[in-house]
Amino acid sequence: MDITTHESAQISTSSTDNSEARAPRLRVAVIIASNREGRFAPVIADWFVSRAAEHDDLDIDVIDVAGIDLPTALSFNPSDEIKAVLTQVSPRLAAADAFVVLTPEYNHSFPAGLKNLIDWHGSEWHAKPVGFVSYGGMSGGLRAVEQLRQVFAEMHATTIRDTVSFHGPWSHFDEDGQHKDPSAPNTAAKALLNQLTWWAHALRDAKSVRPYTG
């Protein structure tokens with residue numbers, strides 16, 4: 001396992017001013033990118049959500065790609081059946097102030113289901129921060145993350161520098177889904193969430209003064 005972090009990223013959440021303290025809670029959509037049979041993603045998702053729950057200014061919404069059945073053929077005039085699927089997920093993406101994408105690495109890239117979800121949407125991603133939690137073999141999913149940075153840049157989103165990356169995670173969690181040596185990953189998750197929170201507040205505040213038009 002490798003945790004990518006940066007000491008200077010330990011941004012204190014206790015120094016927020018009174019106006020920010022009174023601001024509405026941030027809505028963070030955690031997107032589980034894997035829909036593979038026998039996937040390990042739920043274990044890491046449960047771990048990360050438990051870390052995010054320690055931030056009392058965040059409301060977490062878990063969006064699981066495995067439960068979203070969208071066709072790969074995009075359409076400007078989708079059928080009623082497709083509209084029904086979009087109705088279940090699009091408002092949740094639109095309501096989010098920030099995103100955390102939890103992705104494995106498949107063949108040096110990210111899952112097709114995640115790309116499909118991204119491509120079916122547009123303004124829902126605009127001017128919002130995106131953080132990454134990745135996992136895989138030797139690379140820990142980091143090649144998937146670097147490709148996703150390019151995709152989200154095209155979607156007018158801002159990606160967070162620091163990531164949480166698990167190399168060979170299958171041996172790092174016990175049968176109850178608890179990390180066996182949580183100090184380093186917990187520190188990395190805190191850094192990611194602190195950065196995500198800062199950007200989410202900054203971008204939400206900016207859009208309240210000057211709406212983002214792309």
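These are my notebook entries on a predicted model of a single protein structure.

**Entry 1. Overall layout**

I started with the secondary structure of the protein chain and found six helices and six strands. Read from the N terminus, the order of elements is α-β-α-β-α-β-α-β-α-β-β-α. I then looked up burial: 46% of the 214 residues in the protein chain count as buried. The exposed surface of the protein chain comes to about 11000 Å², and carbon and sulfur atoms supply 50% of that area. For contacts I took residues at least 6 apart in sequence, and 85% of such contacts in the protein chain join residues at least 24 apart.

**Entry 2. Strand S1 and its neighbours**

I went to strand S1, residues 26-32, next. Is S1 enclosed or open to the outside? Six of its seven residues are buried, so S1 is largely enclosed by the rest of the structure.

I then listed the strands that pair with S1. Strand S2, residues 58-64, runs parallel to S1 and is joined to it by seven bridges. Within that pairing, I noted Val28 with Ile60 of S2 as its bridge partner. Strand S3, residues 98-104, also pairs with S1 in the parallel sense, over five bridges. There, Val30 stands opposite Val100 of S3.

I also checked the connection from S1 to S2. Together with helix H2, residues 41-52, these two strands make a β-α-β unit, and the unit is right-handed.

**Entry 3. The loop after S1**

I looked at Glu37, which lies in the loop between S1 and H2. Its relative accessibility is 80%, so Glu37 counts as exposed, the cut-off being over 50%. I took one distance from this residue: the C-alpha atoms of Glu37 and Ala66 are 9.6 Å apart, with the two positions 29 residues apart in sequence numbering.

I also looked at Arg36. The charged end of Arg36 sits over the ring of Tyr106, at 4.7 Å from the ring centre.

**Entry 4. Helix H4 and what covers it**

Which residues of helix H4 (residues 112-119) are buried? I found Leu114, Asn116, Leu117 and Ile118 buried there. The cover over the buried residues of H4 includes S1, S3, helix H3 (80-95) and helix H5 (142-154).

I picked Ser90 as a residue to follow in H3. Ser90 has a relative accessible area of 14%, so it falls under the 20% limit and is buried. Leaving out residues up to four places away in sequence, Ser90 touches His121 and Glu124.

**Entry 5. Two positive phi angles**

I searched for unusual backbone angles with one point in mind: most residues other than glycine have a negative phi. Asn107 is not a glycine, yet it has a positive phi of about 50 degrees. Asn107 is found in the loop between S3 and H4. With a relative accessible area of 78%, Asn107 is exposed.

Ala127, also not a glycine, has a positive phi of about 55 degrees. Ala127 is found in the loop between H4 and strand S4 (129-136). Is Ala127 buried or exposed? Its relative accessibility is 8%, so Ala127 counts as buried.

**Entry 6. Strand S6 and helix H6**

I turned to strand S6, residues 164-167, to see which sides are covered. Both faces of S6 are covered: Val164 and Phe166 are buried on one side, and Ser165 and His167 are buried on the other. S6 runs parallel to S4, and four bridges join them. I noted Gly136 in this pairing, with His167 of S6 as its bridge partner.

I then looked for a residue of helix H6 (residues 183-209) to set against S6, and took Ala188. At 1% relative accessibility, Ala188 counts as buried. The C-alpha atoms of Ala188 and Val164 are separated by 5.8 Å, although the two residues are 24 residues apart along the chain.

**Entry 7. Aromatic rings**

How many aromatic pairs does the structure hold? I found ten aromatic pairs. I then looked up which rings group together, and one aromatic cluster is formed by Phe40, Trp47, Phe48, Tyr135, Phe166, Trp170 and Phe173. Phe166 in this cluster is the residue I had listed as buried on one side of S6.

Terms used: Residues numbered from 1 in each chain as written. Predicted model: local features only at pLDDT ≥ 70, side-chain atom pairs only at ≥ 80, totals over all residues. Heavy atoms only, no water. Phe/Tyr/Trp six-rings, centres within 6.5 Å; stacked < 30°, edge-to-face > 60°. Lys NZ or Arg CZ within 6 Å of the ring centre and 35° of its normal. Buried < 20%, exposed > 50% of the residue type's maximum accessible area, 1.4 Å probe, protein only. Pairing = 2+ DSSP bridges. Right-handed = clockwise from strand over helix to strand, strands pointing away. Contact = heavy atoms within 4.5 Å. Areas by Shrake-Rupley, 256 points an atom, 1.4 Å probe, with all protein chains shown as cover.
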